[in-house]
Amino acid sequence: MATKAVIVPVKRTGLSPDLVLLAGWLVPGLGHVMIRKGIRGLLLFVSIVAMFAIGLLMHGKVYTPSTGDPLDILGFVGDAGAIGLWAVAKLGDLGATQLSDAFSDYGSKFIVVAGLLNVMAAVDAQSIANGRKLDR
Amino acid sequence: MSHFTALLLYAFFASIVFGITQRSTPRSMVRFGALCFGGFLAAAIVVSWGMYFIKH
């Protein structure tokens, strides 16, 4: 009878992978910094914050979930991928509340994509922390 | 900022994140990031010309 090799994830760090995920969600790149991948963390921070900032400079809309519009809720889900940046934008009253032109629409997409990319980065840090992703 | 500049910035930063998160070694990260960047640009140019020919 043939047997299958089973790959058992091995925890790579002493940190809780969920804590790494949460840190990466709150601050872009922080999850990677916590697992001692500082350069990657810095690159992720710069990339995600730059995309978010460019979106704001293009007068992109920072979505709120309370308007009742399904598209606003969907936009908020994307924005909330980088919840720390979203909170800073809301507290600082940055970003537009209405789309004004094509570039404003592009800016909104930059902000949403920055959030989605941050989710990818946070999950990547978690995967390295719990050993699911091989890292060399 | 032109539309193409916006595209370049988008492709550049997204490619960095894709490279880091989708590959395991620094060398393969750089290669995959460069591939993504080229793919973004190529797709945008092809789609742009496609839209041009649809309109004309």
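Me: Buried means under 20% relative accessible area, exposed over 50%, and partly exposed lies in between, with a 1.4 Å probe and protein chains only. Where does Asp105(A) fall: buried, partly exposed or exposed?

Reply: Asp105(A) is partly exposed, at 29% relative accessible area. Its salt-bridge partner Lys109(A) is partly exposed too, at 41%. Some ground rules come next. This is a predicted model, where local features need pLDDT of at least 70 and side-chain atom pairs count only at pLDDT 80 or more, while totals for chains, interfaces and linings use all residues; side-chain values use heavy atoms, without hydrogens and water. Residues are numbered from 1 along each chain as its sequence is written, with chains lettered from A and ligands numbered from 1 in the order in which they are written.

Me: How many salt bridges does the structure hold over all chains?

Reply: A salt bridge puts a side-chain nitrogen of Lys or Arg within 4 Å of a carboxyl oxygen of Asp or Glu. The structure holds three over all chains. Asp105(A) and Lys109(A) form one, with the closest N and O atoms 2.7 Å apart. These residues are four apart in helix 6 of chain A, so about one helical turn separates them. Helices here are DSSP runs (H or I, at least four residues), numbered from the N terminus.

Me: Which residue does Lys61(A) bridge to, and where do the two sit?

Reply: Lys61(A) pairs with Asp72(A), the closest N and O atoms being 3.2 Å apart. The bridge links distant parts of the chain: Lys61(A) is in the loop between helix 3 (38–57) and helix 4 (70–79) of chain A, and Asp72(A) is in helix 4, eleven residues apart. Both residues are buried. Asp124(A) and Lys133(A) form another bridge, at 2.7 Å between the closest N and O atoms. Both of these are buried as well.

Me: How many aromatic pairs are there over all chains?

Reply: Rings of Phe, Tyr and Trp (its six-membered ring) pair if their centres lie within 6.5 Å; planes under 30 degrees apart are stacked, over 60 edge-to-face, the rest tilted. There are nine over all chains. In one of them, Phe110(A) and Tyr10(B) meet edge-to-face, 5.5 Å centre to centre with 80 degrees between the planes. Phe110(A) lies in helix 6 (residues 102–129) of chain A and Tyr10(B) in helix 1 (residues 3–22) of chain B, so the pair joins two chains. Phe110(A) is buried at 4% relative accessibility, whereas Tyr10(B) is partly exposed at 23%. Phe110(A) and Tyr10(B) also belong to one aromatic cluster with Phe18(B) and Phe40(B).

Me: What do I read from two packed helices?

Reply: Two packed helices are described by the angle between their axes and the distance between the axes. Axes are lines fitted to C-alpha atoms, for helices over the stretch in contact, with angles from 0 to 180 degrees between N-to-C directions. In chain B, the axes of helix 1 and helix 2 (residues 26–55) come within 8 Å and cross at roughly 145 degrees. Contact means heavy atoms within 4.5 Å. Among the helix 1 residues that meet helix 2 are Tyr10(B) and Phe18(B); Phe32(B) and Phe40(B) are among those on the helix 2 side.

Me: What sits over the ring of Phe32(B)?

Reply: A charge sits over a ring if NZ of Lys or CZ of Arg is within 6 Å of the ring centre and within 35 degrees of the ring normal. For Phe32(B), the charged end of Arg23(B) does so, 4.0 Å from the ring centre.
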